[in-house]
Protein chains: 4
Amino acid sequence: MSPCVLTSSLAIGKAYDATVRWIAGRDPGAGEEVMPVVSECDDSGLNDVLSFPLADEDVAAALDGAVDGDVSEGCVGAGTGMQCFDLKGGIGTASRVLPAEDGAYTVGALVLTNFGSRPDLRIDGVRVGEQLTDLMPIDHHEGSCVVVVATDAPLLPHQLRRVAQRAGMGLARTGSTASNGSGEQMLAFSTANRISIKTADPVVDLRAVADARAGEPRLLGELFAATIEATEEAVVNALFAAETTVGRDGNTLYSMPPERVLPMMQRAGRLVPR
Amino acid sequence: MSPCVLTSSLAIGKAYDATVRWIAGRDPGAGEEVMPVVSECDDSGLNDVLSFPLADEDVAAALDGAVDGDVSEGCVGAGTGMQCFDLKGGIGTASRVLPAEDGAYTVGALVLTNFGSRPDLRIDGVRVGEQLTDLMPIDHHEGSCVVVVATDAPLLPHQLRRVAQRAGMGLARTGSTASNGSGEQMLAFSTANRISIKTADPVVDLRAVADARAGEPRLLGELFAATIEATEEAVVNALFAAETTVGRDGNTLYSMPPERVLPMMQRAGRLVPR
Amino acid sequence: MSPCVLTSSLAIGKAYDATVRWIAGRDPGAGEEVMPVVSECDDSGLNDVLSFPLADEDVAAALDGAVDGDVSEGCVGAGTGMQCFDLKGGIGTASRVLPAEDGAYTVGALVLTNFGSRPDLRIDGVRVGEQLTDLMPIDHHEGSCVVVVATDAPLLPHQLRRVAQRAGMGLARTGSTASNGSGEQMLAFSTANRISIKTADPVVDLRAVADARAGEPRLLGELFAATIEATEEAVVNALFAAETTVGRDGNTLYSMPPERVLPMMQRAGRLVPR
Amino acid sequence: MSPCVLTSSLAIGKAYDATVRWIAGRDPGAGEEVMPVVSECDDSGLNDVLSFPLADEDVAAALDGAVDGDVSEGCVGAGTGMQCFDLKGGIGTASRVLPAEDGAYTVGALVLTNFGSRPDLRIDGVRVGEQLTDLMPIDHHEGSCVVVVATDAPLLPHQLRRVAQRAGMGLARTGSTASNGSGEQMLAFSTANRISIKTADPVVDLRAVADARAGEPRLLGELFAATIEATEEAVVNALFAAETTVGRDGNTLYSMPPERVLPMMQRAGRLVPR
């Protein structure tokens, strides 16, 4: 099991190297077979990337701090300098749990947002972006989006590929157009079928499978729907969690103003007043 | 240039064969090199498919009738027996024209809908499906969706592949989850760069290209956005155009009731009252 | 379980339609869910394709005749009009059986050859084509190649995709360059993991898998090697089995002359004299 | 234009980071948009990878040394610790020039070999590996292979993808089976169509293309064949150039003995005696 690390575009080399050294430091025998997954978005709008601010210690601290429990959202880690529909974005996360009769599996999505043009922003279908014409950055930095989908459903590799594709459908619902320079990257993994790297890609005789879940035709479809929902919500959560950030050269990304957005949601019937 | 034909799943052989014969009948010399594109959705909920209702004459009539002008929508052609979010669907179409400064290119989408579960239906972001709990068919037939995207922008093959992928993002906005048994198929083609089959896949020295549009970084992104919008609208148009249809064994798909849907849109602020 | 049918390019519609009707005639209840796989190569060099020679009865006879036992090779079925390195080709087949300690699984490859330029032909690495400069057709018809790989190893979908890709490596060893107009199509399927279409794409908990073969790291690699070998041999078998054929307009494809080729093999040390 | 860097698996982070800093040091304004391509094979059989031997200075020296002229082969750079069919491998390179009437374009392939099982090795079709049963390493380390294909033919992105796939066919001819743990990576690029990153993925109206080469149906096929040939030869060149290497823990990979291999080639008729 190797870590999945998100960072700034020009820092992926450093992040990869620091992660490998961190693994090797903990388990000197395992190192050569553990290759981490490192992905990135370009935060050079706020981040003075050519000062190479990431240090080995930052990566080690992040890995040491990755423990069970709540996931921080907004301007944390790789999310510190990222945008979202020309507002401040960053890390967002959300999950869905299937009904008990479908195995009570969980699907969680974590997004690193760095995509979107303001007028396209929709929250739960409501055209929020069209109504937020101010709070714009000096420059629109077209970016990308990383989505990591995790599930405890015992999915096979070809099924995880299909799950990852559905994450893009969740982004579409928020207003993403997967624009030209935007490199959407989706990764999906299952925590159930942990296979030793020594036996990579095992051959399985399904006739010997006793699991009652096998052959449940509805299950995969429900996992797809859960993936789309969780991804959409994760983007929204990133927007609500992020805070106005001033970066290099005074460049500023403003946080989404909830006091203006929530009434929009309410007027559209998507928020019940308390 | 070969036709693109849509039909019922079990009829694709007949449709292909009839199309080839139709081509050969018109141009005896060209036939062997012209291979049509034939795609399908499964309309066996309404269609008595094992009676093999499609005849060569039906295909020839459709091809003869494919002339410039308005495109029929709803329960026409392959759309006759298809569903959409458990309502009657079929053929829908919509298009977008880019601004003059971006070449005034057109992007058109034609959909053959056969997908969707009622509660998931959104129209322009409004949760219409959740509010339409009646008018349900006896059985939910999970289907697929075909999207054909045409443009007069001179796109290259790898760019058309990207355009086709964006059509799926348009479906996502209507509520598609690309469910397990659903085989979404997207095809994108350009009417500009017509290349003889004799010179298939020409090698191009871009240094010799004089077109001012080349290198217009914004253009591809605008075509992506136009594709998503046109696809989303085409699905909605299919729903509005289709009529309640009684098929085999009395199976019925009801048309979407505009007198109930339009007020929903209005309440959500997505429709200006006249 | 649906048939896999190979035919001439312009006949795939007819072949598909006839196969569907054949299935429906045998099992009136099953028809609408069984979609055959039909593939093709272009044999218009010999075949007067615009006379549409294929009839429903031909397809039904082929399907009725598909019984256990030896597979016919050479100029049979779809192979009747196909070329191979500018010689007469057609259907070829070969198989490999893994050692008992690897499960004694079988991998079989069936090829429909229609590819290759004469000088590129190698048999078991020997440059046979360079030494066969005569027996050329009037025109070189660049074609394609279909490879169908079947195994009783219980492979999963993503593994079968990898197997199919290896078939192309077998073609490479015979001298294929996958040339520009050549549309190589590979299909791999397992006869072990038969899944009802009702439960398409089952979710499997590998922790519940009792099969001792699961996690055999060497197995997949051996299946890959077997696929490459069987595909390479199948092409050679097609060449040896095919007979000189005179087609439309007197066009002729000559059979490979074994009395000239075998000595070439012997001189290169690849054939032990009896 | 960004460098393409090859290294040892665990060193790709370091190599990436050092390359980015090297670029930034030369052109402070360009850095944030230039992302290098870094690829790797696992040389942990000879390389004490957990000592992290690669330093920033090594990468900078390699980049400074990348000048026009002959390319070093064998145990150089990333090739220092790599195997090839259980012999010492490493870097190999070869090229082909098309005839003048096809534009006199060049195709060059550079391989970083780390793949192959001894018995599978073929050189120009001759089963050399079967006859070299000694000189084996203590352990077979199944690896991978990186192939970088460069051409001055003005190929478009979708065509370069096809070229890259053909590189795998060249590997197949040397005896590669693309085994289970082997991650073959092919990259193809054109030096002709240099597009500014500011105008990424330009839209091109082929009607405006004046280049006489456009529409040359034979050209792409010839580039495919040249790619396969150059890749196959590059692997052989790596074998002939590499020298016996003793690595960590005394692990040894032996060089291929030309005094034994050349007579094999001669006996098979693939080498004319001087």
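Helix axes here are lines fitted to C-alpha atoms over the stretch in contact, and the angle between two helices runs from 0 to 180 degrees between their N-to-C directions. The model is predicted, and the exercises below treat helix packing and then enclosed and open spaces.

**Exercise 1. Describe how helix H1 (residues 12-26) of chain D packs on helix H2 (residues 56-64) of chain D, and state which residues make the contact.**

Solution. Two packed helices are described by the angle between their axes and the distance between the axes. For H1(D) and H2(D) the angle is about 60°, and the axes lie 9 Å apart. Angles of 65 to 115 degrees count as roughly perpendicular and those under 35 as roughly parallel, so the arrangement of H1(D) relative to H2(D) is oblique. The handedness comes next: where H1(D) passes H2(D), the crossing is right-handed. On the side of H1(D), the contact involves D:Lys14, D:Ala15, D:Ala18, D:Thr19, D:Arg21 and D:Trp22, while H2(D) contributes D:Asp56, D:Val59, D:Ala60, D:Leu63 and D:Asp64. Sorted by class, this contact of H1(D) with H2(D) comprises 6 nonpolar, 1 polar and 4 charged residues.

**Exercise 2. Classify the packing of helix H1 (residues 12-26) of chain B against helix H1 (residues 12-26) of chain C, and give the residue classes of their contact.**

Solution. Begin with the geometry: the two axes come within 7 Å and cross at roughly 150°. Angles over 145 degrees count as roughly antiparallel, and H1(B) and H1(C) are therefore roughly antiparallel to each other. The crossing in which H1(B) passes H1(C) is left-handed. From H1(B), the residues in the contact are B:Ile12, B:Gly13, B:Lys14, B:Tyr16, B:Asp17 and B:Arg21, and from H1(C) they are C:Ile12, C:Gly13, C:Lys14, C:Tyr16, C:Asp17 and C:Arg21. The contact of H1(B) with H1(C) has 4 nonpolar, 2 polar and 6 charged residues.

**Exercise 3. Work out how helix H3 (residues 157-174) of chain A is oriented against helix H3 (residues 157-174) of chain B, and name the residues that meet.**

Solution. The axes of the two helices are 8 Å apart, and the packing angle is about 70°. With 65 to 115 degrees as the range for roughly perpendicular, it follows that H3(A) and H3(B) are roughly perpendicular to each other. H3(A) passes H3(B) in a right-handed crossing. In the contact, A:Gly168, A:Met169, A:Ala172 and A:Arg173 of H3(A) meet B:Gly168, B:Met169, B:Ala172 and B:Arg173 of H3(B). These residues of H3(A) and H3(B) divide into 4 nonpolar, 2 polar and 2 charged.

**Exercise 4. Characterise the largest cavity and the second largest cavity by volume and lining.**

Solution. The structure holds 3 cavities of 30 Å³ or more. The largest cavity encloses about 180 Å³ of space. Its lining consists of 16 residues, of which B:Gly45, B:Pro137, B:Asp139, B:His141 and B:Leu253 are the closest to the centre. By class, the lining of this largest cavity contains 4 nonpolar, 8 polar and 4 charged residues.

The second largest cavity has a volume of about 120 Å³. Its lining draws on chains A and B, and includes A:Arg122, A:Asp124, A:Arg173, B:Arg122, B:Asp124 and B:Arg173. The classes in the lining of the second largest cavity are 10 charged, 2 polar and no nonpolar residues.

**Exercise 5. Identify what lines the second largest pocket, which has a volume of about 440 Å³.**

Solution. Of the 20 lining residues, A:Arg96, A:Asp124, A:Glu232, A:Glu233 and B:Arg127 lie nearest the centre of the pocket. Helix H4 (217-241) and helix H5 (258-267) of chain A are the elements that give two or more residues to this lining, and H4(A) supplies the largest share, 6 residues. By class, the lining of the second largest pocket divides into 8 nonpolar, 1 polar and 11 charged residues.

Conventions: Residues are numbered from 1 along each chain as its sequence is written. Chains are lettered from A and ligands numbered from 1 in the order in which they are written. This is a predicted model: local features need pLDDT of at least 70, side-chain atom pairs count only at pLDDT 80 or more; totals for chains, interfaces and linings use all residues. Side-chain values use heavy atoms; hydrogens and water are left out. Helices (H or I, at least four residues) and strands (E, at least two) are DSSP runs, numbered from the N terminus. A crossing is left-handed if the near helix is turned anticlockwise from the far one by less than a right angle, and right-handed if clockwise. Contact means heavy atoms within 4.5 Å. Ala, Val, Leu, Ile, Met, Phe, Trp, Tyr, Cys and Pro count as nonpolar, Asp, Glu, Lys and Arg as charged, and the others, Gly among them, as polar. On a 1 Å grid over the protein atoms alone, a cavity is a set of points where a 1.4 Å probe fits but cannot get out, and a pocket is an open set with protein on both sides within 12 Å along at least five of seven lines; lining residues have an atom within 4 Å of a point. Grid points are joined across faces, edges and corners, and a volume is the space filled by probe spheres set on the points.
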